[in-house]
Amino acid sequence: MKKIFGLLSIFAFLFMFSSVANAQTVTSVRISKQPTKSLTSYYVGQTLDLAGMKVRLTKSSSLPEEVSFESFGTKNITISPSTTTALKTEDKILEITVGTGSTAVKTKSTLVVKTPFITNIVVKTRPTEKDVASYLAGEALNLNGLVVTLTKSDGSTQDVAFSTSLTSSWATNGIITTPKNGTALSVTNKQVVIQVANKKIYLPIIINPDLNCVKAKISIREATIKDSMNTYMTGMLNDSTGAFSTRKAALDTAWSIPNADTRNIAVKTAWSTFKITQKSLRDTRLSAVKTAWAKYKTDIKACGATSTESQSYDLF
């Protein structure tokens, strides 16, 4: 029995010695087959995927051995960074180590970890506080509720909600809009441009005419035209200073002159003065009416409308 125990002890010692010896016979390691996923195609936040990789172990006492990534654990092969570590741009080297301590052998390969960039942007949710088709001219743009989806070069997507906070994802992603949120809109605004990096999308908006605004501008126009008519009529019909009263008084005076030549000159002067006054009053009214119409056409643009009325000067 002691003999059998002694033999078993010898075999166990020889096995352990052989294992230790084998572990110490690896003299170099190199990558014999690159992983399916290129080591230069990673993005920040991803983890290493070394499926398909193989390394070749050179041993001093035996033939070289090729080991697949899936068998690294059984051959005491470790990697840095690990396959569970989120990659950073600072990770520039993949290091493969066989064994530990002073007998360990290593190989290195270039690792490229890039920052993902935005490749596309789409509107996921239109603004919810204000319908983009229901603006009135002069109203402020309200983008609250707007959500866009960003697609990045690593294949990931990110939903980003509009926010005015400088620490929000909207701000940190560098998303801007033209016009800006809160801008008073006019009829020239047909869309909101949403831009991030060099990618743009367009959100159509509709500026509807403010009917009450238009009616107020019409009231101003009509009052001005009415005032011009009142001024004209007063200038023509006033009992004491009107053109007709002045003409009558001048004619009365003229026909009181005995001398025919002098009388005829006075009559002609009375009529010429009347015509000059009448023309001046008409010109003044015409100018006032033209100004009223021009101002109206300009002012209603701020109401989001254009004039469809036929311009009239109501002259006689």
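Select Lys-130 to begin the tour of this predicted model, and look at how much of its surface is open: Lys-130 has a relative accessible area of 19% and is therefore buried, because buried means under 20%. Keep Lys-130 on screen and add Glu-139, since the side chains of these two residues meet in a salt bridge, with 3.3 Å from N to O. Glu-139 has a relative accessible area of 28%, and is described as partly exposed. While salt bridges are the topic, select Lys-59, Glu-65 and Lys-75 together, for these residues are joined into one network by salt bridges that share partners.

**A glutamate with two lysine partners**

Move next to Glu-95, and show Lys-106 with it: the two side chains form a salt bridge, at 3.8 Å from N to O. Glu-95 belongs to strand S6, which covers residues 93-98, while Lys-106 belongs to strand S7, which covers residues 105-110, so this pair ties together parts that are 11 residues apart in sequence. If you colour by accessibility, Lys-106 should appear as exposed, with a relative accessible area of 52%, whereas Glu-95 is partly exposed, at 22%.

Leave Glu-95 selected and add Lys-108, because there is a salt bridge here too, with the closest N and O atoms 3.8 Å apart. This pair links distant parts of the chain, with Glu-95 in strand S6 and Lys-108 in strand S7, 13 residues apart. Lys-108 has a relative accessibility of 56% and counts as exposed. How many salt bridges does the count come to? The count is 11 salt bridges.

**Two cis peptide bonds**

Now turn to the backbone and select Ser-80 and Pro-81, where the peptide bond from the serine to the proline is cis, with omega near 0°. Pro-81 sits in the loop between strand S5, residues 77-80, and S6. Then go to Thr-178 and Pro-179, whose connecting peptide bond is cis as well, again with omega near 0°. To place Pro-179 in the fold, look in the loop between strand S13, residues 176-178, and strand S14, residues 191-196.

**Two residues with positive phi**

Select Asn-76, a residue other than glycine whose phi is nevertheless positive, with a value near 60°. You will find Asn-76 in the loop between strand S4, residues 65-68, and S5, and its relative accessibility of 40% makes it count as partly exposed. After that, select Ala-197, which is not a glycine either and has a positive phi of about 55°. Ala-197 is placed in the loop between S14 and strand S15, residues 199-204, and with a relative accessible area of 57% Ala-197 is exposed.

**A buried isoleucine in strand S9**

Select Ile-121, which is found in strand S9, residues 118-125. Is Ile-121 buried or exposed? Its relative accessibility is 2%, and so Ile-121 counts as buried. Show the residues around Ile-121, leaving aside its neighbours within four places in sequence, and you will see that it is in contact with Val-148, Thr-149, Leu-150, Ile-194, Val-196, Lys-199, Lys-200 and Ile-201. For a distance to try in the viewer, draw a line from the C-alpha of Ile-121 to the C-alpha of Gln-158: these residues are 37 apart in sequence and 9.6 Å apart in space.

**A buried serine in helix H3**

Continue to Ser-228, which lies in helix H3, residues 211-237. Ser-228 has a relative accessibility of 8%, and so it counts as buried. Which residues does Ser-228 touch, not counting those up to four places away in sequence? They are Arg-285, Ala-288 and Val-289, so display these three beside the serine.

**Confidence along the chain**

For the last stop, colour the whole chain by pLDDT, the predictor's confidence in each residue. The mean pLDDT of the chain is 90, and 91% of its residues reach 70 or more. Finally select residues 10-24, where pLDDT stays under 50 and where the model has 0 contacts beyond four places in sequence.

Note on methods
Residues numbered from 1 in each chain as written. Predicted model: local features only at pLDDT ≥ 70, side-chain atom pairs only at ≥ 80, totals over all residues. Heavy atoms only, no water. Helix = DSSP H or I, 4+ residues; strand = E, 2+ residues; numbered from the N terminus. Buried < 20%, exposed > 50% of the residue type's maximum accessible area, 1.4 Å probe, protein only. Contact = heavy atoms within 4.5 Å. pLDDT = per-residue confidence, 0-100. Salt bridge = Lys/Arg side-chain N within 4 Å of Asp/Glu carboxyl O.
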